[in-house]
Amino acid sequence: MSLNRTEKAAVIDEVKAQVVNAQTLVVAEYRGTTVAEMTKLRKSAREQGVYLHVLKNTLARRAVVGTPFEVAAGEMAGPLIYGLSVDAVAAARVISDFAKTNDKIVVKAGAFDGKLLDKAGVASLASIPSKEVLLAQLAGLLNSPVARFARVLAAVAEKKEAPAAEAAAA
C-alpha cells in the first residue's frame, strides 16, 4: 500500500522524533522472517525500550538527514528493519541477540556517536553490559578496598584481644 505525501511526512516526523532522543541506530535485513518471528522481535524490543520499525528506506534516509545517524544512510537499501534506542546498547543487543537464534535476521550496519558501525561493530556494542550492570560492578569495585580494610582492622582487634583473654583465664 502506497502512502500519500502527508502520510509520508507524518512517518518522517515520527522517525525524526525518535532519532532526536536516540543514541544508537541498528539496521538489519529481515528477508524471509515470519510474522510470528517479527512479533517476538518487536515484543523483545518494546520490553527493552527500543523503537523498532520496518520503514521505506527513502523515508528513513530523509529522517536521518542532519543527525549523527546520517553516516548510515548509504547502508539503507533492501528490506530493512530499523532499531533506535536511547540506551546506547539496547538496540544493538535486542537485534543481535535475536539474530543469534534466527538466521534470517542479518545485522547490516549501525551508527553510534556519529560513526558508522559494521556488523562486527554492532556485535561489540551489543556485548557491552547494561548501565545497571556497569554501575553494580563500579559499586563493588569501590566497596572492595573498604571491606578489605574493615577485615584487616577486625583481625588486628581480634589478635589484640586473644592475649588479653588468655591472661584473664590464667
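Reader: Which element gives the most residues to the lining of the largest pocket?

Author: This is a predicted model, in which local features need pLDDT of at least 70, side-chain atom pairs count only at pLDDT 80 or more, and totals for chains, interfaces and linings use all residues. Residues are numbered from 1 along each chain as its sequence is written, and side-chain values use heavy atoms, with hydrogens and water left out. The largest pocket (on a 1 Å grid over the protein atoms alone, an open set of points with protein on both sides within 12 Å along at least five of seven lines) has lining residues, those with an atom within 4 Å of a point, namely S96, A99, K100, D103, I105, V106, V107, K119 and A123. Two or more of these come from each of α4 (90–101), β4 (106–112) and α5 (119–126), helices being DSSP runs of H or I of at least four residues and strands runs of E of at least two, numbered from the N terminus, and the element that gives the most, with three residues, is α4.

Reader: How many residues of the lining of the largest pocket are charged?

Author: Asp, Glu, Lys and Arg count as charged, Ala, Val, Leu, Ile, Met, Phe, Trp, Tyr, Cys and Pro as nonpolar, and the others, Gly among them, as polar. By these classes the lining of the largest pocket has five nonpolar residues and one polar residue, and the number of charged ones is three.

Reader: What is the volume of the largest cavity?

Author: A cavity is a set of grid points where a 1.4 Å probe fits but cannot get out, and the count comes to one cavity of 30 Å³ or more. Its lining consists of V15, V19, L25, L55, A60, V64, Y82 and L84, with two or more residues from each of α1 (5–21), α3 (57–64) and β3. By class, eight of the lining residues are nonpolar, and none is polar or charged. Taking volume as the space filled by probe spheres set on the points, which are joined across faces, edges and corners, the largest cavity comes to about 50 Å³.

Reader: Which residue of β1 stands opposite Y82 in β3?

Author: Strand β3 (residues 80–85) is mostly covered, with six of its six residues buried, that is, under 20% relative accessible area with a 1.4 Å probe and protein chains only. L80, Y82 and L84 point one way from β3, and I81, G83 and S85 the other way. Pairing requires at least two DSSP bridges between two strands, and β3 pairs antiparallel with β2 (residues 50–54) over five bridges, where V54 stands opposite I81. Six bridges join β3 to β1 (residues 24–29), also antiparallel, and opposite Y82 stands V27.

Reader: Which element gives the most residues to the largest nonpolar core?

Author: A nonpolar core is a set of buried Ala, Val, Leu, Ile, Met, Phe, Trp, Tyr and Cys residues joined through side-chain atoms within 4.5 Å, and of the 22 residues in the largest one, V26, L41, I95 and I105 touch the most other members. Two or more residues of this core come from each of β1, α2 (35–48), β2, α4 and α5. The element that gives the most, with seven residues, is α4.

Reader: In which loop is D113 found?

Author: Most residues other than glycine have a negative phi. Phi of D113, however, is near 55°, a positive value, and D113 is exposed, with a relative accessible area of 56%, where exposed means over 50%. D113 is found in the loop between β4 and β5 (115–117).
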